[in-house]
Amino acid sequence: MNLQGIFAEGLRFFGNGYPIDKRTSYNVFSEHPVTFSDNYEISFDLSLYLTSDIGNIVRIKDSDNRIFNLFYDGHEKDHLFLLNEEGRSNLISVALDKSVYPPREWVSIHIGFDLKRNIITLTVADQIYQSDNISLPDKFAPTIVFGRSDHIIDVPPFAIKDLSVGNNRKFRFLLDEYQGNIVHDIRGKKMGSVANPDWLINDSYHWKLESQFRSSTVSGTNYHDGRKELYYFNRDSILIFNLRTRSSETIIFSEPCPVDLRLGTNFIDQENDRLYCYEVYHDSTYQGPTVASLDLHTFKWRIESYDRLPTQLHHHASWFDASSRQYMIFGGFGNMRFSDQFYRYSLDTQEWNSFPIDNKGSITPRYFTSLGHHEESHRLYLFGGTGNLSGDQLLGREYFYDLYRLNLQTNVLKKVWEIPWNQENAVPVRGMVINDKSFFYTLCYPEHFTESFLKLYRFSLQDGDYTILGDSIPIYSDKINTNANLYYDEDLNTLYAVVHEFEDDIKSDLHIYSLAFPPITEKELANHPPTGKKSDTWIIYLIIVAILTGTGIVLYRSGRGKRKDVQIFDISNTFNKLNHKNKVQPKTNSIYLFGEFTVCNRDNRNITYMFSKKLKETFCLLLQYSQEKEGITSQHLSRLLWPEKPLQEVKNIRNVTLNRLRKILEELDGIELLYEKGMFTITLKSPIYCDYTRCMEILSSNQWEAEYKELIEIVIRGKFLENEDKPFYDSLKEKTEKRIEPLIIRAMEESYDKEQWQTTIDLAQAAFHIDPMNETALNCMIKAMQKLGMHEGAKIKYLSFLIEYKKIMGKEYPNPLKL
C-alpha cells in the first residue's frame, strides 16, 4: 500500500539562493552503506521550485570514485535533465516542456543501473532513455548524495519524496521526519543523514507567510484558481501574485475603477476572466455605478450596474454560480440590524433581486457566516456567525455554531446540526473549503479582540465533530472592514489563508499564508514519524487517519493615461526580490529588525507569526529602551502603546501582552524580559543573535572596517523596521539610519569602483530605504544594472524613481538619465 500522500512528506532543498554552507545535502546511505549486485534502481518524485535555475539533483559515486550525476538546467524554454558521467561525458539528455510541468509540479524520476549488461537507464515522467556500453562493476556500493555534494555547490531549489533504492532488496524512504538530521527507512532504521533539511511535513502544520502587500486606499482581494493568481486591487491599480511561481506584478489602470469603493467586495467569473467589484449600498447622495467588472487580460474597467440594495451588509457570505451567471449573498450587518436575507445579482439583467427560499431551518439573522459549495450535490452550506433572533443590534448578539444546507434545485434551506461550544466565542471567515463528502474546512477567530488569532477547523458535515489543525495566524481585527478568506488549490495541494487587515477603514495590509494539504494537528506533527521500528500497528493507524482525514518583482507595468493622484501598491520589495540570492538567510535563534521583522527559534523554526502587531511593538519598544536607557517604566510603556486608554484601564491589557511576549521568548535562548527596579528590560546574551544590536555593537566599536562584510550583510537585508510606521518608532529609525547612511554610501561607491556590480545594487537599494530620493544611489544602481545586462530592470527602477520623486517633491525629476 502506498502510504505516501497521507501527509505532505518529503525533503525540500535549500538551493542557490542560500549561502553555500546553508544549502541542503542528503547522503542516503551515510549511516548504513549497502552493496548491490546485478542491478539496482534509484526512484523518487521531484518538484522544482524555480525552473530557471541550474544545479545538481543527485550524484552517485562508486568505490573507485567514478561518479554519475543527474544535473538540471532550467535556463532555456524546456526543463533539461542531464545524466552525466562526471568529468567525462554526457550520457543522456531529457527535455520536458515547462508549460506541461510548471514549478512545484511533481515529476517521477528513475535511474537504473544494469550491472550485467552495462546499461544505464533514465526515466523522466514518461520518457525513457538508455545509454549502453558503460563499463560498470559487478557489484556497486553507491554513495548517493542529493543536493550539495563535495565541491559541487550549485543546487536548484527542489524537493524530493517517496525515495526508493534497490532491486529485489529495496530500501524505501518516506522522508517523513519533521526535525533532525537523521533519515530513517520505512522500517525506522537509521540509514542516512542530511545537512540543512527542510522537512515538508512541517508545511502541513505551520502556516507559511508567502508574501505581504499594502494599499493606501480602500482595496479588495480574491483568488483565481485557474490562473493561480491572487488579486489585490484598489481603484487605481491591481497587484497580481502568482501562487505557483511566487512572482508578483503591479498594473496601473489606464482609467480608475468607476465604482467608489467602500468595502472592496468582489467576485470572479473565472470562465470569462473578469473580476467584478461591487458595493451593495451607497447613500442617496452617491449617483455613480455600484457594480463594475475588470477584464483580466486588458485590465480595462466596464460599468455593469447602478442597482443597489436598501441597506449596507457588512461581512455577508457569498458564492458565484458560473452556470447561471448569478452571484448570491446571504446575511450581513448594516443600519444597526443583522440580516437573514438571500439576494442574488444577475450578470445578464445587471440587477439585484431577493432570492426566495423555503427557510425550513429557520436560520436567524446574522453576519460573519462562512459559505461553501458542494459541487457533486450542487448544494450550499452555511456555517456559524453572530447575530440574534430579532435582527436588532440593540438587543445584543449571540454566536451560532450551526450548519445549514441549501438545495439549489428546490430552494429548501434545512438545518443540519448545531453543536455546543466550550471555547472562546469565535466567528468563521467567508470561505469554506469542501473537498469531499465528509468534511469542510474554515478558519475561525474571536473577532471581538483587537489582537486575535485565526485557527483552522475541520468540521464533519454529518454531525459537526471538529478538529483544530495547524498552528495559528495573527489577525488585527479592530476595524469592521478587516476580513479573511480561505482557498484550496487542488493542483498545488495547498490551502491559502488571505488576511486583509484594515488600519483605518481605508489603508490596508494583505498577508498571504499557505498550508500543505491535508493539514495535521500538533499531536500528529510531534508523533510523526514514531521512533523505532514502524510496526503493523503504525501502518493501521495511518490508514485510519487517512480515512478520517478524507480524500490541502513586484513588477511595475505602466498604464496609459496615468493620473497625478494614482495610488499604486507598495513597490519597495521589488529589487530585494530580484537580488534575493545575495541576502543572508535567518540564523538559528535570531531576531531581525532590518527588512521584514523575522524571528527564528532555537530549532531554526520561523516563529514570526506569533508576533501580532501589538506584541511586535511591545518588543521593539522594550529593546529600544533597554539599549538606549536602563529600561522603560510600566506607565511610559502604557502611554506609548495604548495612548487612547486611561492608565487605570491599561494594566490588565499590558500584563496580558507582556506575559504573551515572555511565553514567545521562551522559544529562544539567551534572551529574557525582566522587571527590575520599576523598569521593564530586554536582556540579550549569547547565543541569541539580533541584527540591530549587532549593528550597533559594530558601529560603536570604532573598528567597523574589520567587520565590514558583516555590517553590509545586515543593512542590505532591508529597510530598518520595515512596514512599521507607529510614531514611537520614528526616533529609533532616525538615530539608526543616521548612523548607517554614510557607511552605505561609502561602501556603495567603493563597490562600484571595484566593479562589484551586484553589491553596488544591493547597497543602493539599502540607501533608498533611508532616502528614496538619493541621486547618488540612483546613478550607481542604474549603471551597475546596465553593467550586468539588466537593461529592462534598470528601466523599471528608473521609472519607479521618477514616479516616487514626483509624488514626494510635487515636480518632475530635474536631472534625467539617458538609458
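Trainee: In this predicted model, which residue meets E667 in a salt bridge through its side chain?
Mentor: The nitrogen-to-oxygen distance of this pair is 3.8 Å, which falls inside the limit because a salt bridge requires the two atoms to be within 4 Å. E667 lies in the loop between α6 (647–665) and β50 (671–676), while its partner lies in the loop between β49 (598–600) and α4 (613–628), so the pair ties together parts that are 62 residues apart in sequence. The partner of E667 is R605.

Trainee: Is E667 buried, partly exposed or exposed?
Mentor: The relative accessible area of E667 is 22%, and R605 has a relative accessible area of 22% as well. Since buried means under 20% and exposed means over 50%, E667 with its 22% counts as partly exposed.

Trainee: Which residues are joined into one network by salt bridges that share partners?
Mentor: The structure holds 39 salt bridges, and some of them share partners. The residues joined in this way into one network are R59, K61, E86 and D150.

Trainee: For the salt bridge between E85 and R88, which of the two residues counts as buried?
Mentor: The side chains of E85 and R88 meet with a distance of 3.0 Å from N to O. R88 has a relative accessibility of 62% and therefore counts as exposed, whereas the corresponding value for its partner is 8%. The residue that counts as buried is E85.

Trainee: How many residues apart are E376 and K437, which link distant parts of the chain?
Mentor: E376 forms a salt bridge with K437, with the closest N and O atoms 3.8 Å apart. E376 sits in the loop between β36 (370–374) and β37, and K437 sits in the loop between β40 (427–428) and β41 (439–445). Both E376 and K437 are exposed, and the two are 61 residues apart.

Trainee: Which strand pairs with β38 over eight bridges?
Mentor: β38 (residues 398–407) is mostly covered, with eight of its ten residues buried. The pairing over eight bridges runs in the antiparallel sense, and in it F400 of β38 stands opposite G385. The strand in question, covering residues 379–387, is β37.

Trainee: Which residue in the turn of the hairpin formed by β38 and β39 has a positive phi?
Mentor: β38 and β39 (residues 412–418) run antiparallel and are joined by six bridges, with L403 standing opposite W417 in β39. Four residues lie between the two strands of this hairpin, and the phi in question is about 60°. The residue is N411.

Trainee: In the open sheet of three strands with mixed pairing, which strands stand at the edges?
Mentor: The order of this sheet is β49-β48-β52. Strand β48 (residues 590–592) runs parallel to β52, to which two bridges join it, and S590 has Y689 as its bridge partner in β52. Each edge strand has a single partner strand, so one side of each is left without a neighbour in the sheet, and these edge strands are β49 and β52 (689–690).

Trainee: Which helix gives the most to the largest nonpolar core?
Mentor: This core has 76 residues, of which I591, L593, F611, F619 and L665 touch the most other members. Leaving aside its neighbours within four places in sequence, I591 is in contact with residues including T598, V599, F619, L668 and I671. With eight residues in the core, the helix that gives the most is α10 (residues 757–770).

Trainee: How many of the 14 residues of α10 are buried?
Mentor: α10 reaches 21 Å from its first C-alpha to its last, close to the 20 Å expected at 1.5 Å a residue. Its buried residues include W757, I761, L763, F768 and I770. The helix is largely enclosed by the rest of the structure because the number of buried residues is twelve.

Trainee: What is the radius of gyration of the protein?
Mentor: The secondary structure comes to twelve helices and 52 strands, and the C-alpha trace spans about 85 × 70 × 60 Å along its principal axes. For 819 residues the globule rule gives 28 Å, and the protein's value is close to this, so the protein is as compact as a globular protein of that length, with a radius of gyration of 29 Å.

Note on methods
Residues numbered from 1 in each chain as written. Predicted model: local features only at pLDDT ≥ 70, side-chain atom pairs only at ≥ 80, totals over all residues. Heavy atoms only, no water. Buried < 20%, exposed > 50% of the residue type's maximum accessible area, 1.4 Å probe, protein only. Pairing = 2+ DSSP bridges. Core = buried A, V, L, I, M, F, W, Y, C linked by side-chain atoms within 4.5 Å. Contact = heavy atoms within 4.5 Å. Expected span 1.5 Å × (residues − 1). Rg over C-alpha atoms; globule rule 2.2 N^0.38 Å.
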